[in-house]
Amino acid sequence: MNKIKENIQKVNAQIEKACCTVPDYHPHENQSSPNNRQNPVTLLAVSKTKPASAVEQAYLAGQLNFGENYLQEAIEKINTLSHLSDISWHFIGPIQSNKTKQIAQHFNWVHSVDRAKIAQRLNDHLSEQAQQNNGQDTSLNICLQVNISEETSKSGIMASEVFSLAKMVDNCDNLTLRGLMAIPAKNSANDSYEKMQHLFKELQAQYPTVDTLSMGMSNDLDIAIHHGATMVRVGTAIFGKRA
Ligand SMILES: *Cc1c(COP(=O)(O)O)cnc(C)c1O
C-alpha cells in the first residue's frame with residue numbers, strides 16, 4: 001500500500017476515534033445499519049506545495065475534498081486533474097481582491113472570506129459566469145475566517161464581526177453561507193476552540209445553510225473535533241512535511 005493511502009486511513013481512523021469523545025455523537029446507536037452510519041467530520045486533504053500526482057494518489061484512496069492556499073499552483077493542479085470531476089476544491093489561503101475572479105471560476109468552497117468586499121466580488125463574478133453559462137447553478141460555499149486567538153499575524157475577522165459579515169454573505173444570491181473557519185493559536189488552551197464552538201452554534205441557530213465548522217489541522221484535530229469541528233484540514237499527516 002502506498003504511503004499516502006496508508007496516511008489517509010490512519011487520519012480517518014483518528015477522526016473516527018476523536019468523534020467518540022464528542023458528547024452528542026453516538027456511533028453505536030447505528031450499528032444495526034452500518035450503511036447509515038455517517039462520519040460527521042469531513043476530512044479536507046491540504047495539498048499545497050504537493051504535486052498533482054500526490055493529489056491523484058489520495059483521490060485513488062477515496063479522498064474527494066482538497067484544500068489549496070496558493071492560487072496559481074492550485075489552478076495548475078485543478079486543470080491537470082480536471083478528469084477527476086468529483087473532486088471538490090477548497091480555497092483556504094488569504095485572498096487578495098484581484099484574485100477573486102479566478103477563485104470563483106475554479107473552486108467549490110472558500111474558507112477564508114474575511115471581508116465584505118471579497119464576498120461581493122466573488123458573488124459578482126459568479127453572476128457573470130452564470131449569465132455566460134445560461135443560468136447554470138454556480139453557487140459557491142463560503143466559510144468566514146475568524147481570527148479567534150486575535151493574532152496580528154493571522155487573517156480573519158474578530159468574533160464580534162461574524163454576524164454582520166454572515167448577513168451580508170447570506171444576502172448574496174450566488175454564495176451559500178456554510179459556516180466558520182479558524183486556525184486557533186498553537187498551544188491556545190481550550191479557550192479558542194470553545195469560543196469557536198459557541199459562535200458556530202449561534203450562527204447555526206440563525207441560518208439553516210450553516211453546517212460547517214472548519215477547524216483542526218494535523219496537530220490539533222482531536223481537540224478541534226472535541227469542540228464540534230465538522231471539517232478538519234489536514235496536510236502534513238497525509239502528504240508528509242512540506243519543503
Ligand atoms: C497548511 C494549512 C493546513 C494544513 O496544515 P498541516 O499542519 O500540514 O495539517 C490547514 N489549514 C490551513 C489554513 C493551512 O494553511
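**Entry 1: Ser 47**

I began at Ser 47, which I found in the loop between strand 1 (42-46) and helix 2 (52-60). A note to myself before going on: this is a predicted model. Is Ser 47 buried or exposed? Its relative accessibility comes out at 0%, so I put Ser 47 down as buried, the cut-off being under 20%.

Next I looked up what Ser 47 touches, leaving out residues up to four places away in sequence. My list reads Val 55, Phe 66, Gly 67, Glu 68, Glu 73, Lys 77, Trp 89 and Phe 239. I also checked Ser 47 against Asp 222, which lies 175 residues away along the chain. Their C-alpha atoms are separated by 20 Å.

**Entry 2: strands 3 and 4**

Then I turned to the strands. Strand 3 covers residues 88-91 and pairs with strand 4 in the parallel sense, over two bridges. Which residue stands opposite Trp 109 of strand 4? I found His 90 there. To get from one strand to the other I followed helix 4 (residues 100-106), and strand 3, helix 4 and strand 4 make a right-handed β-α-β unit.

I checked burial in strand 4 too. Five of its five residues are buried, so I noted strand 4 as largely enclosed by the rest of the structure.

**Entry 3: on to strand 5**

Strand 4 (residues 109-113) also pairs with strand 5, again in the parallel sense, over three bridges. I wrote down two facing pairs: Trp 109 stands opposite Asn 141, and Val 110 stands opposite Ile 142. The link here is helix 5 (residues 116-132), which makes a right-handed β-α-β unit with strands 4 and 5.

How many residues of strand 5 are buried? I got seven of the seven in residues 140-146, so this strand is largely enclosed by the rest of the structure. I wanted to see both faces. In a regular strand, side chains alternate between the two faces of the sheet. On one side of strand 5 I listed Leu 140, Ile 142, Leu 144 and Val 146, on the other Asn 141, Cys 143 and Gln 145, and all of these are buried.

**Entry 4: strands 6 and 7**

From strand 5 I moved to strand 6 (residues 175-182). The two run parallel and are joined by seven bridges. I looked up two bridge partners in strand 6: Leu 175 for Leu 140, and Ala 182 for Val 146. Helix 6 (residues 162-170) completes a right-handed β-α-β unit with strands 5 and 6.

Seven of the eight residues of strand 6 are buried, so I noted that strand 6 is largely enclosed by the rest of the structure. Strand 6 runs parallel to strand 7 (residues 212-214), with three bridges joining them. Met 181 stands opposite Ser 214 in strand 7. Once more I found a right-handed β-α-β unit, made by strand 6, helix 7 and strand 7.

**Entry 5: helix 6 against helix 7**

Last, I looked at how two of these helices meet. The axis of helix 6 comes within 11 Å of that of helix 7 (residues 190-206), and the axes cross at roughly 35°. I noted the crossing as right-handed. Which residues meet here? From helix 6 I have Val 162, Phe 163 and Ala 166, and from helix 7 Leu 199, Glu 202, Leu 203 and Gln 206. Sorted by class, this contact has five nonpolar, one polar and one charged residues.

How values were computed: Residues are numbered from 1 along each chain as its sequence is written. This is a predicted model: local features need pLDDT of at least 70, side-chain atom pairs count only at pLDDT 80 or more; totals for chains, interfaces and linings use all residues. Side-chain values use heavy atoms; hydrogens and water are left out. Buried means under 20% relative accessible area, exposed over 50%, partly exposed in between (1.4 Å probe, protein chains only). Helices (H or I, at least four residues) and strands (E, at least two) are DSSP runs, numbered from the N terminus. Two strands pair if DSSP finds at least two bridges between them. A crossover is right-handed if, with the strands pointing away from the viewer, the path from the first strand over the helix to the second runs clockwise. Axes are lines fitted to C-alpha atoms, for helices over the stretch in contact, and angles run from 0 to 180 degrees between N-to-C directions. A crossing is left-handed if the near helix is turned anticlockwise from the far one by less than a right angle, and right-handed if clockwise. Contact means heavy atoms within 4.5 Å. Ala, Val, Leu, Ile, Met, Phe, Trp, Tyr, Cys and Pro count as nonpolar, Asp, Glu, Lys and Arg as charged, and the others, Gly among them, as polar.
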